[in-house]
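Thank you for coming, everyone. Before I begin, please have a look at what is on the screen, and then I will take you through the ligand site.

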Amino acid sequence: MKFQRRTLLASAAALAFAAALPMSAMAQKKIVLGFSQIGAESEWRTANTESIKSASKEAGIELKFADAQQKQENQIKAIRSFIAQKVDVIAFSPVVETGFEQVLREAKAAKIPVILTDRAVNVKDDSLYVTFMGSDFIEEGKRAGNWLVEKMKGTPGDVNIVELQGTVGSAPAIDRKKGFEEVIKADPRFKIIRSQTGDFTRAKGKEVMEAFLKAEGKKINVLYAHNDDMAIGAIQAIEEAGMKPGKDIIIVSIDAVKGAFEAMMAGKLNVTVECSPLLGPQLMQAVKDLKAGKALPKRIVTQESIFPMEVAAAEFPKRKY
Ligand code: AHR
């Protein structure tokens with residue numbers, strides 16, 4: 001009898017607990033963020049992925065991470081799958097600027113806010129995303145150009161430049177070219193004699209630089225690479241051609257990853273313009289603010305610097321990526 005009463009009491013308590021569960025479970029429900037990453041094309045991208053993954057853990061946000069392997073179709077698929085899974089927020093770094101309008105409309109119709117990180121999209125209706133956080137790529141191109149103009153002051157004759165562009169159609173490739181050209185066009189001595197994509201990878205950077213060297217040889221005075229990885233690949237090609245990178249050919253690149261500092265300390269790269277991949281903490285804060293109903297600024301610009309080879313050894317120990 002006693003045993004039966006105890007069992008009944010225990011079951012009643014269990015029932016009461018179960019009834020209360022949905023409320024407390026709801027209160028503790030984690031925010032779910034779907035993030036579509038471009039791929040793993042560069043040292044920069046690896047650091048960016050790591051920043052987003054560790055920041056989500058720290059913030060207690062559940063991260064659904066998809067790697068698009070540098071293909072836009074994979075990003076679109078990932079975003080559609082996030083919509084189907086009803087995530088709370090979608091964030092992505094668009095591989096190229098155009099072609100995302102339709103899928104962004106689908107996210108909007110599903111009432112899922114979208115945050116752009118690192119790269120922008122080119123859409124007529126900017127209500128399709130909440131905010132865009134990342135670098136000012138035009139400014140990075142200008143910084144690279146200004147450094148070069150200063151460096152070449154007082155040197156006689158033409159300055160023949162070869163350019164390794166980033167992924168065709170991507171915001172950093174378009175804007176870094178634009179910013180750089182805006183600066184160098186003021187002096188007719190500066191000429192871009194060859195310009196081709198190296199898709200932001202070391203392997204492609206090397207391959208395209210080999211072709212530039214074959215076509216132009218000793219005519220080349222400067223290499224402008226849209227990222228450090230392509231510059232590092234190109235350094236190898238220059239050495240294999242029997243020339244001295246950083247001396248026979250001045251090398252200007254962008255990102256400021258550790259690999260670039262190592263190349264600068266070895267005297268093989270002249271300058272790198274900073275582009276920070278450490279966007280994770282900022283992204284998680286934005287996600288939390290959004291869920292708390294706070295308004296976000298439409299554009300959040302990362303503050304960055306520039307590092308010539310002369311400061312590389314002193315700066316290297318402080319680098320986080
Ligand atoms: O979008 C940022 C660019 O993408 C970085 O400069 C480059 O290294 C990366 O692949």
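**The ligand and its surroundings**

In Asp118, an N or O atom of the side chain is 2.8 Å from an oxygen atom of the ligand, which is a polar contact, meaning a pair of N or O atoms within 3.5 Å. I should say that this is a predicted model, in which local features need pLDDT of at least 70 and side-chain atom pairs count only at pLDDT 80 or more, whereas totals for chains, interfaces and linings use all residues. Residues are numbered from 1 along each chain as its sequence is written, and side-chain values use heavy atoms, with hydrogens and water left out.

Glu41 also places a polar side-chain atom 2.4 Å from a ligand oxygen, and for Arg176 the corresponding distance is 2.8 Å. The ligand, taken alone, exposes 280 Å², of which the protein buries 100%, with areas from the Shrake-Rupley method and a 1.4 Å probe.

Where, then, does the ligand lie with respect to domain 1 and domain 2? Domain 1 (32–135 + 277–303) and domain 2 (137–275) both give residues to the shell, so the ligand lies between them, the bounds coming from an automatic or database domain assignment.

Conventions: A polar contact is a pair of N or O atoms within 3.5 Å; within protein, one must be able to donate a hydrogen and the other to accept it, and residues adjacent in sequence count only if both atoms are side-chain atoms.
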